[in-house]
Amino acid sequence: MNRFYPLDLSALNNYSPPDDTAAGNLLEERLHGLRRKIVVLDDDPTGVQTVHGVSVYTGWEEDTIAQGFAEQNNLFFILTNSRSFTTSQTEAVHAEIGNRLARVSQQTKTDYILISRGDSTLRGHYPLETQVLRREIEAHSAKRFDGEIIFPFFLEGGRYTLENIHYVKSGDRLIPVGETEFAKDKSFGYRSSDLTQWCAEKNAGKVQPEEVVSISLESLRALDLSRITAQLMQVSGFGKVVVNASAYADVKVFIAAYLSVLALGKEFLFRSAAAVPKILGGIPDKPLLTKEELVPDHCARGGIILVGSHVQKTTRQLEALQNSTSPIRFIEFNQHRVLEQGGLEDEARRVVREAEQAIAAGETAAVYTRRTRLDVDTDDKDQQLQISVAISDALTSVIGNLEVCPRFIVAKGGITSSDVGTKALRVRKALVMGQIQAGIPVWMTGPESKFPNIPYVIFPGNVGEDSTLLDVVKTLMGDRS
């Protein structure tokens, strides 16, 4: 694989500036006539990090999907949390969803657009998820997918695609994604930073880089819909389309072109990060949430923060929180006890006791996994994933076993936040309130949940600056220092 090198952040200025107003006008014309439901399958709960006022369902039973189709909103999310699944679990779940989605669409006589929302740093069960969805939907309906759109741009997280190379912002540098810690993920690692090569790598040579259609930033900035639509019209046989982008205007122009070819009968399945659902769903911008919108003043209890992610950014954010003067009681969870018989269960009981004491006393409890890396002697990716899930289950049981209702809950990390929402809080349907910081969504828990109607902050492991976790906690605690 070719190796690419970091760029200075100023490289984003090497292209003609985006015309957001013109892009918005192009998009609005085409969105106005859209009569399809937009279904987003989210492989962890962070995919709602750009939207507000939409529902997230944590199950995919046929009647649950039908509820989504019956909503007045044109967009809804289904949280699969498949990034914590084995390959066999992932295939089974996506086969179920594809089958049921096709059936509900036929029963309601409502067509749909399907987005497989994945990680902006390219981790996850790709191409398995989209391959299974295509297979099942085409087997159970008349829908035929001409192609697949690869679109990992995510402004709020500093993810940009330039000349087909996907970058991750780090300080004032743009790092090719294949050179980051995310590419070394034990379960979902890869080598390619060029998305055309990444498609070939992930598809095990069944796709060649030169076969991938590339939508250039130059075409998008020139508002050249005729060229982009011509490129899309030529795609067939589930061909791959890579979209370059460094601003939301680029997404708007591309979606305008996509909607044009959709009207002409072309069908595409999206594999995207969080920017596409926002733009395709016509979700307007909203200011960051405030403490007054989130936490009732009369509540005297403390909150709880659960930190599970082990990416370097999360560790730096935890350190910034620990170095602050905020009234927080820090409690380490020793996940290395997974190597002991019953060790994780015993550790969870201890941590619950300490957290309850803090919350009842009006303090915020910050429970965090031991930062020392745990290496298990196996190269079996599914086994590694199963160990991670066992640790996550024990960590999130801290929330599930709380008897004192916290003022708020913050969960750090994709798998952690999903397990807290579905297993510990038992949320079946949540409302996305908005974002507390850029790219950090907040659910309002449903009436069926363990702790109804409290703010639940879903904090991705790989989002924000070093101070962002501290900023979130200050907002929730009303600390304006």
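Begin by selecting helix H13 (381-400), which gives the largest pocket the largest share of its lining, 8 residues. The model on screen is a predicted one.

**The largest pocket**

With H13 still highlighted, add H11 and helix H14 (414-424) to the selection; H11, H13 and H14 each contribute at least two residues to the lining of the largest pocket. The lining as a whole comprises 46 residues. To centre the view, select Asp-185, Ser-309, His-310, Val-311 and Ser-388, the lining residues that lie nearest the centre of this pocket. The space within the largest pocket amounts to about 1400 Å³. Colouring the lining by residue class will show 14 nonpolar, 20 polar and 12 charged residues.

**The second largest pocket**

Next, select Val-168, Lys-169, Ser-170, Lys-313 and Arg-316, which lie nearest the centre of the second largest pocket. Its lining is formed by 23 residues, and its volume is about 460 Å³. Two elements, strand S8 (165-170) and H11, give two or more residues to the lining of the second largest pocket. H11 was also selected at the previous stop, as a contributor to the lining of the largest pocket. By class, the lining of the second largest pocket consists of 7 nonpolar, 9 polar and 7 charged residues.

**The packing of H11 and H15**

Retain H11 (residues 312-322) and add helix H15 (residues 468-477). A pair of packed helices is described by the distance between the axes and by the angle between them. How do the axes of H11 and H15 cross, and within what distance do they come? The two axes come within 7 Å and cross at roughly 50 degrees. H11 is therefore oblique to H15.

Now display the side chains at this contact. On H11, select Gln-317, Leu-318, Ala-320 and Leu-321; on H15, select Thr-468, Leu-469, Leu-470 and Val-473. The residues of the contact comprise 6 nonpolar and 2 polar, with no charged residue among them.

**The whole protein**

Finally, clear the selection and show the full cartoon, in which the protein has 15 helices and 19 strands. Along the principal axes, the C-alpha trace spans about 65 × 50 × 45 Å. How does the radius of gyration of the protein stand beside that of a compact globule? For 481 residues, a compact globule would have a radius of gyration near 23 Å, and the 22 Å of the protein agrees with this.

Definitions and conventions. Residues are numbered from 1 along each chain as its sequence is written. This is a predicted model: local features need pLDDT of at least 70, side-chain atom pairs count only at pLDDT 80 or more; totals for chains, interfaces and linings use all residues. Side-chain values use heavy atoms; hydrogens and water are left out. Axes are lines fitted to C-alpha atoms, for helices over the stretch in contact, and angles run from 0 to 180 degrees between N-to-C directions. Helices (H or I, at least four residues) and strands (E, at least two) are DSSP runs, numbered from the N terminus. Angles under 35 degrees count as roughly parallel, over 145 as roughly antiparallel, 65 to 115 as roughly perpendicular and the rest as oblique. Contact means heavy atoms within 4.5 Å. Ala, Val, Leu, Ile, Met, Phe, Trp, Tyr, Cys and Pro count as nonpolar, Asp, Glu, Lys and Arg as charged, and the others, Gly among them, as polar. On a 1 Å grid over the protein atoms alone, a cavity is a set of points where a 1.4 Å probe fits but cannot get out, and a pocket is an open set with protein on both sides within 12 Å along at least five of seven lines; lining residues have an atom within 4 Å of a point. Grid points are joined across faces, edges and corners, and a volume is the space filled by probe spheres set on the points. The radius of gyration is taken over C-alpha atoms; the globule rule is 2.2 Å times the number of residues to the power 0.38.
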